[in-house]
Amino acid sequence: MTDQSLTRVDRDKEDKNMDKSNLSESVIFPKGEELPELFSKYFSGKAWLSMLVDRDNEFNCPIGNVTFEPGCRNNWHKHPGGQILLVTGGCGYYQEEGKPAQELNPGDVVLIAPNVKHWHGAAPDSWFVHLSVETNVNAGPAEWLEPVTDEEYSNL
Ligand code: MN
């Protein structure tokens, strides 16, 4: 397991001061469609997905743009091949099991090692947008686990 999965990059003041209430309308990449049932059942709240790079054998590196409404987060889960998150908008959280949640802001990069149990999602009062880069996808699909409870989420 990695010691420190989060690398903060310099952010300018504009990012910090952006009007988060309108974030869902100010996306860099397409917002896409509301998550299909296949995935939405592993989320609390509404999220949207736009695949920017499809799952294929040529690049073997699917990339999706994920938009979370305020309060939305995914269940605890693991990626057998790992995952990289590139934060593009809003304010959210990333948490690994047994560690404190880390606040995420635009410009943050999260390296999630294979099989590390974690969740990611929006802050209660902010939209949140990240790119999800799936790495080593031949290792298999995500393993979805229990929801992040309201108690866990409200104690961040
Ligand atoms: Mn993940």
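Select strands S8 (83-90) and S13 (128-134): S8 and S13 pair in the antiparallel sense over seven bridges. Two strands are taken to pair if DSSP finds at least two bridges between them. Strands (E, at least two residues) and helices (H or I, at least four) are DSSP runs, numbered from the N terminus. Within this pair, isoleucine 84 stands opposite valine 133 of S13.

The coordinates are a predicted model, in which local features need pLDDT of at least 70, side-chain atom pairs count only at pLDDT 80 or more, and totals for chains, interfaces and linings use all residues. Residues are numbered from 1 along each chain as its sequence is written.

**The other side of S8**

Keep S8 displayed and add S11 (109-112). Four bridges join S8 to S11, and the two run antiparallel. Leucine 86 is found opposite valine 109 in S11. S8 is largely enclosed by the rest of the structure, because six of its eight residues are buried. A residue is buried if 20 or more other C-beta atoms lie within 10 Å of its own, exposed if 12 or fewer, and partly exposed in between, with C-beta atoms placed from the backbone.

**From S13 to S5 and S4**

Next, select S5 (63-68) and S4 (47-53). S5 pairs with S13 in the antiparallel sense over six bridges, and S4 and S5 are likewise antiparallel, over six bridges. Asparagine 65 is a useful residue to centre on: its bridge partner in S13 is leucine 131, while asparagine 65 is also the bridge partner in S5 of serine 50. S5 is mostly covered, with five of its six residues buried.

**The nonpolar core**

Which residues touch the most other members of the largest nonpolar core? Select Ala47, Phe68, Tyr94, Leu104, Ala122 and Phe128, which do so in a core of 21 residues. Such a core is a set of buried Ala, Val, Leu, Ile, Met, Phe, Trp, Tyr and Cys residues joined through C-beta atoms within 7 Å. Elements giving two or more residues to this core include S4, S5, S8 and S13.

Centre on phenylalanine 128. Leaving aside neighbours within four places in sequence, phenylalanine 128 is in contact with Phe68, Gly90, Cys91, Gly92, Gly121, Ala122 and Ala123. Contact requires the C-beta atoms of two residues, placed from the backbone, to lie within 7 Å.

Move then to leucine 104, in strand S10 (residues 102-104). Leucine 104 is buried because 24 other C-beta atoms lie within 10 Å. Not counting residues up to four places away in sequence, leucine 104 touches Val87, Cys91, Gly92, Tyr93, Tyr94 and Val110. For a distance label, use the C-alpha atoms of leucine 104 and glycine 92, which are 12 residues apart along the chain and separated by 5.0 Å.

**Two loop asparagines**

Select asparagine 60 in the loop between S4 and S5. Asparagine 60 has a positive phi of about 55° although it is not a glycine, and is partly exposed, with 14 other C-beta atoms within 10 Å. Asparagine 115 lies in the loop between S11 and strand S12 (118-122). Its phi is near 65°, a positive value in a residue other than glycine, and asparagine 115 counts as partly exposed, with 13 C-beta neighbours inside 10 Å.

**The whole chain**

Finally, colour by pLDDT, the predictor's confidence in each residue, from 0 to 100. The chain averages a pLDDT of 88, and 83% of the residues score at least 70. Over residues 7-18 the pLDDT is below 50, and this stretch has 12 contacts in the model beyond near neighbours in sequence.
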